[in-house]
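Student: I should like to work through this model step by step, reasoning from the coordinates. May we begin?

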Amino acid sequence: MTTHTDSITLKIWDKSAIDHTIDAAVQSLSHRAAAENCGIAVTLSGPKTFTVSLSR
C-alpha cells in the first residue's frame, strides 16, 4: 500500500478481500480528508492494483 495525502494505492492479491480492503481504504481516506464517501473515486490502475483517491 502506498499512501499520499489525497490517494491510497493498493495491490490486492486475494480476490475475496477486494471489497473489504477497498471499503476500508475509502473509509480511511474520507476520514483523513474530511470528505464524504461520495467524494472518493476508485480506479483500477494496474493488474490487481487499485487507487482510491479524492474526486476533484
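**Fold, helix and core**

Tutor: The protein chain contains one helix and four strands. The model is a predicted one.

Student: In what order do the elements of the protein chain run from the N terminus on?

Tutor: The elements to be placed are one helix and four strands. Read from the N terminus on, their order is β-β-α-β-β.

Student: What share of the contacts in the protein chain with a separation of 6 or more comes from residues 24 or more positions apart?

Tutor: One such long-range pair is Ala25 and Val52, which are 27 residues apart in sequence; Ala25 also touches Val52. Over the protein chain, for contacts with a separation of 6 or more, residues 24 or more positions apart account for 43%.

Student: What distance does helix 1 reach from its first C-alpha to its last?

Tutor: Helix 1 covers residues 18–33, which is 16 residues. At 1.5 Å a residue, the expected value is 22 Å, and the model comes close to that, with a reach of 22 Å.

Student: Why are the buried residues of helix 1 on the same side?

Tutor: The buried residues are Ile22, Ala25, Val26, Leu29 and Ser30. They lie on the same side of helix 1 because the arc they cover around the axis is only 125°. As a general rule, an α-helix has 3.6 residues a turn, so residues three or four places apart point the same way. The value that places these residues on one side of helix 1 is thus the arc of 125°.

Student: Which residues are exposed on the other side of helix 1?

Tutor: The buried side of helix 1 is covered by elements that include strand 2 (7–11), strand 3 (40–46) and strand 4 (49–54). On the other side, the exposed residues are His20, Asp23 and His31.

Student: Is Ala25 buried or exposed?

Tutor: Ala25 is found in helix 1, and beyond four places in sequence it touches Ile8, Leu10 and Val52. The cut-off for burial is under 20% relative accessible area. Ala25 has 6% relative accessibility, so it counts as buried.

Student: Which element supplies the largest share of the largest nonpolar core?

Tutor: This core has 11 residues, including Ile8, Leu10, Ala25, Phe50 and Val52. Strand 2, helix 1 and strand 4 each contribute at least two residues. The largest share, four residues, comes from helix 1.

Student: How many bridges join strand 3 and strand 4?

Tutor: One of the bridges links Thr43 to its partner in strand 4, Thr51. The two strands form a hairpin with two residues between them. Strand 3 and strand 4 pair in the antiparallel sense, and the number of bridges is six.

Student: Which residue in the turn of this hairpin has a positive phi?

Tutor: The residue lies in the loop between strand 3 and strand 4. It is not a glycine, yet its phi is about 60°. With a relative accessible area of 40%, it is partly exposed. The residue is Lys48.

Student: Which residue makes a side-chain polar contact with Thr51?

Tutor: Thr51 lies in strand 4 and, at 16% relative accessibility, counts as buried. Beyond four places in sequence, its contacts include Ser7, Ile8, Thr43 and Ser45. A polar contact of 2.9 Å joins the side chain of Thr51 to that of Ser45.

Conventions:
Residues numbered from 1 in each chain as written. Predicted model: local features only at pLDDT ≥ 70, side-chain atom pairs only at ≥ 80, totals over all residues. Heavy atoms only, no water. Expected span 1.5 Å × (residues − 1). Buried < 20%, exposed > 50% of the residue type's maximum accessible area, 1.4 Å probe, protein only. Arc of directions from axis to C-beta. Contact = heavy atoms within 4.5 Å. Polar contact = N/O pair within 3.5 Å; in protein donor to acceptor, adjacent residues only side chain to side chain. Core = buried A, V, L, I, M, F, W, Y, C linked by side-chain atoms within 4.5 Å. Pairing = 2+ DSSP bridges.
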